[in-house]
Amino acid sequence: MISDRIREYEKYFEDFITLDRLYPVIGVKITHHGRSFGSFRCTIDEYGEIYNYYIQISDYYDYTEENLRDIIVHEMIHFFIVYYKLAPISKPHGKVFKEMAKHMNEKYGMDIRKHPDLDKYKIREDLPWYKKVYYYF
Ligand SMILES: [Zn+2]
C-alpha cells in the first residue's frame, strides 16, 4: 500500500523538522500515466488556504523497491515544502527542493531529481492494452 509507505518514509524527513505524522493529510491516487511517475497535488482557495493534499503515483511502470521509494519521497518533498510553506508554490523544484533532494540522496543513497529518466524504467508487462497507450492532446 502506498499510504503505508508514506508513513514509513516520514523517517527520512526527521532531519528537517519534528513532524506530526504526514499521513493523515496526504491522500493517494493511482494513475496509469506513461509520461510521469508521480505528482503532488493540492487545492488552494481564494484566500491562499491550502488543503486536499494528495500524491498521484502511476502504475504504468515496473518499479524496483528503490524506484518507488524515490518517487514517493520526491512527491513527499513537494508536500513538505507546500505544507510548511518553505518556498513559493510557483517554484516546485527550486532551491529548497534541491537542498532536500541532495540531503536524501547523500544520506540515504536515493536518486531524487527534478526529472527522472523515463526511458530507464520498464513498462509493466501485465497492463491491459488500453493502459499502455498514453495520448497527448
Ligand atoms: Zn517534482
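In this predicted model, helix H2 passes helix H3 in a right-handed crossing. The two helices, H2 and H3 (residues 95-108), pack at an angle of about 135°, and their axes are 10 Å apart. Angles over 145 degrees would count as roughly antiparallel, so H2 and H3 end up classed as oblique to each other.

What does the contact between them look like? On the H2 side you'll find Val73, Ile77 and Ile81, and these meet Val96, Phe97, Met100, Ala101 and Met104 in H3. It's a greasy list: the residues of this contact split into eight nonpolar, no polar and no charged. The spacing within a helix is worth keeping in mind here. An α-helix has 3.6 residues a turn, so residues three or four places apart point the same way.

Now for H2 on its own. The helix covers residues 65-83, which makes 19 residues, and spans 26 Å from the first C-alpha to the last, close to the 27 Å expected at 1.5 Å a residue. After H2 comes Lys85, with a positive phi near 50°.

H2 also has business with the sheet. The helix lies across strands E2 and E3, running at about 20° to E2.

The sheet itself is open, with three strands in the order E1-E3-E2 and mixed pairing. Strands E1 (27-31) and E2 (38-44) stand at the edges with a single partner strand each, so one side of each has no neighbour in the sheet. Ignoring direction, neighbouring strands are turned by 25° against each other on average.

E3 (residues 50-58) is joined to E2 by six bridges, and this pair runs antiparallel. E1 and E3, on the other hand, run parallel and are joined by five bridges. A few of the partners across these strands are set out here.

| Residue | Partner in E3 |
|---|---|
| Thr31 | Ser58 |
| Gly38 | Ile57 |
| Arg41 | Tyr54 |

What about side chains along such strands? In a regular strand they alternate between the two faces of the sheet.

One last stop is the link between E2 and E3. How many residues lie between the strands of this hairpin? There are five, and in this hairpin Gly48 takes a positive phi near 80°.

Put together, the picture is a mixed sheet ordered E1-E3-E2, with H2 lying across E2 and E3 and meeting H3 through Val73, Ile77 and Ile81.

Methods. Residues are numbered from 1 along each chain as its sequence is written. This is a predicted model: local features need pLDDT of at least 70, side-chain atom pairs count only at pLDDT 80 or more; totals for chains, interfaces and linings use all residues. Two strands pair if DSSP finds at least two bridges between them. Helices (H or I, at least four residues) and strands (E, at least two) are DSSP runs, numbered from the N terminus. Axes are lines fitted to C-alpha atoms, for helices over the stretch in contact, and angles run from 0 to 180 degrees between N-to-C directions. Two residues are in contact if their C-beta atoms, placed from the backbone, lie within 7 Å. The expected span of a helix is 1.5 Å times one less than its number of residues. Angles under 35 degrees count as roughly parallel, over 145 as roughly antiparallel, 65 to 115 as roughly perpendicular and the rest as oblique. A crossing is left-handed if the near helix is turned anticlockwise from the far one by less than a right angle, and right-handed if clockwise. Ala, Val, Leu, Ile, Met, Phe, Trp, Tyr, Cys and Pro count as nonpolar, Asp, Glu, Lys and Arg as charged, and the others, Gly among them, as polar.
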